[in-house]
Amino acid sequence: MSRGKFIVFEGIDGSGKTTVIKSVFSSLINLGCRIELTREPTDNRIGQLIRDFIKGDGEYELDERVIAALFAADRLDHILRPGGIKEKLGAGVNVICDRFWLSSCAYQTGVFPMEYILELNKGSMNLVKPDLTIYLSVDVSVALSRVDARGEEREHYESRDRLEKISRNYEKAICLRKESDNIVIVDASREEAAILDEVTGLIKNIIS
Ligand code: TYD
């Protein structure tokens, strides 16, 4: 049996990532693909702890350096746990993951240099490699207007300055990992149908 393909989606908050992933996933399922969807931070214990921090309603404050280590630990657990990414890929299941180590490079660089964030993720990098990474590229202004249109309170990472910095970090990380993670940049400021068409095509090429 051939190994499943590992497909990662990346993008700043407000890039439309969640909507795109949901639509693409259901159309791939309708086409009869053997594919599963997962995300980071995960819904497991370490991921829950991180989500509490992001929402700002955790029991205690955590230093950003600790958060960077927790993201790396959550990822390793995501790969290695029974029923995790490694097991699924080994069983021939294709896996779509909403965010992976490129998110750590983009969001956690600053408390540590990017090179150190990459070091923190070496354990994961030695275990899996994305067959395709789709980066949904969008201007910070567009992203912020989408976040505001949701009508929810902005989360920890969603101020303009912060998103601009995250966006720049993504660009740097993409340069470093473009070949190794097979990163494709998709213009996510277009109409949804055009984005979905392109993304579905990219994934179909990889999994067929
Ligand atoms: P979530 O509510 O799932 O947002 P989104 O739908 O945009 O993915 O929260 C995930 C947040 O976690 C998001 O703001 C990015 C952040 N994050 C990091 O800071 N580092 C990481 O390594 C990962 C995976 C996510």
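1. Welcome to this predicted model. A good place to begin is an enclosed space: the residues lining the largest cavity divide into 5 nonpolar, 1 polar and 2 charged. They are Val-8, Glu-10, Phe-100, Trp-101, Leu-102, Pro-130, Thr-133 and Asp-181. Two elements, β1 (6-10) and α5 (101-108), give two or more residues each to this lining.

2. How many cavities of 30 Å³ or more does the structure hold? The count is 1, and the volume of the largest cavity is about 30 Å³. As background, rolling a probe the size of a water molecule over the atoms shows where empty space is left.

3. Next, have a look at the second largest pocket, with a volume of about 200 Å³. Its lining is made of 14 residues, and those nearest the pocket centre are Thr-38, Asn-44, His-78, Gly-83 and Lys-88. By class, this lining holds 4 nonpolar, 6 polar and 4 charged residues.

4. Which element supplies the largest share of that pocket's lining? It is β2, with 3 residues. Both β2 (35-39) and α4 (85-90) supply at least two residues of the lining.

5. Two helices deserve a moment together. The axes of α1 (residues 17-30) and α10 (residues 192-207) come within 10 Å and cross at roughly 50°. Why are they called oblique? Angles of 35 to 65 degrees fall outside both the roughly parallel and the roughly perpendicular ranges, and the crossing is at roughly 50°, so α1 and α10 are oblique to each other. The crossing of α1 past α10 is right-handed.

6. You can trace the contact between these helices residue by residue. From α1 come Thr-19, Val-20, Ser-23, Val-24, Ser-27 and Leu-28, while α10 brings Glu-192, Ile-195, Leu-196, Val-199, Thr-200, Ile-203, Lys-204 and Ile-207. Sorted by class, the contact residues are 8 nonpolar, 4 polar and 2 charged.

7. Two details of the backbone are worth checking by eye. For context, most residues other than glycine have a negative phi, and most peptide bonds are trans. Is the peptide bond from Glu-40 to Pro-41 cis or trans? This bond is cis, with omega near -5°. You will find Pro-41 in the loop between β2 and α2 (45-55).

8. The other detail is at Arg-99, a residue other than glycine with a positive phi, near 80°. Arg-99 sits in the loop that runs between β3 (94-98) and α5.

Definitions and conventions
Residues numbered from 1 in each chain as written. Predicted model: local features only at pLDDT ≥ 70, side-chain atom pairs only at ≥ 80, totals over all residues. Heavy atoms only, no water. 1 Å grid on protein atoms, 1.4 Å probe; cavity = no way out; pocket = protein on both sides within 12 Å on 5 of 7 lines; lining within 4 Å. Points joined across faces, edges and corners; volume = space filled by probe spheres on them. Helix = DSSP H or I, 4+ residues; strand = E, 2+ residues; numbered from the N terminus. Nonpolar A, V, L, I, M, F, W, Y, C, P; charged D, E, K, R; others polar. Axes fitted to C-alpha atoms, helices over the stretch in contact; angles between N-to-C directions. Parallel < 35°, antiparallel > 145°, perpendicular 65-115°, else oblique. Left-handed = near helix turned anticlockwise from the far one by under 90°. Contact = heavy atoms within 4.5 Å.
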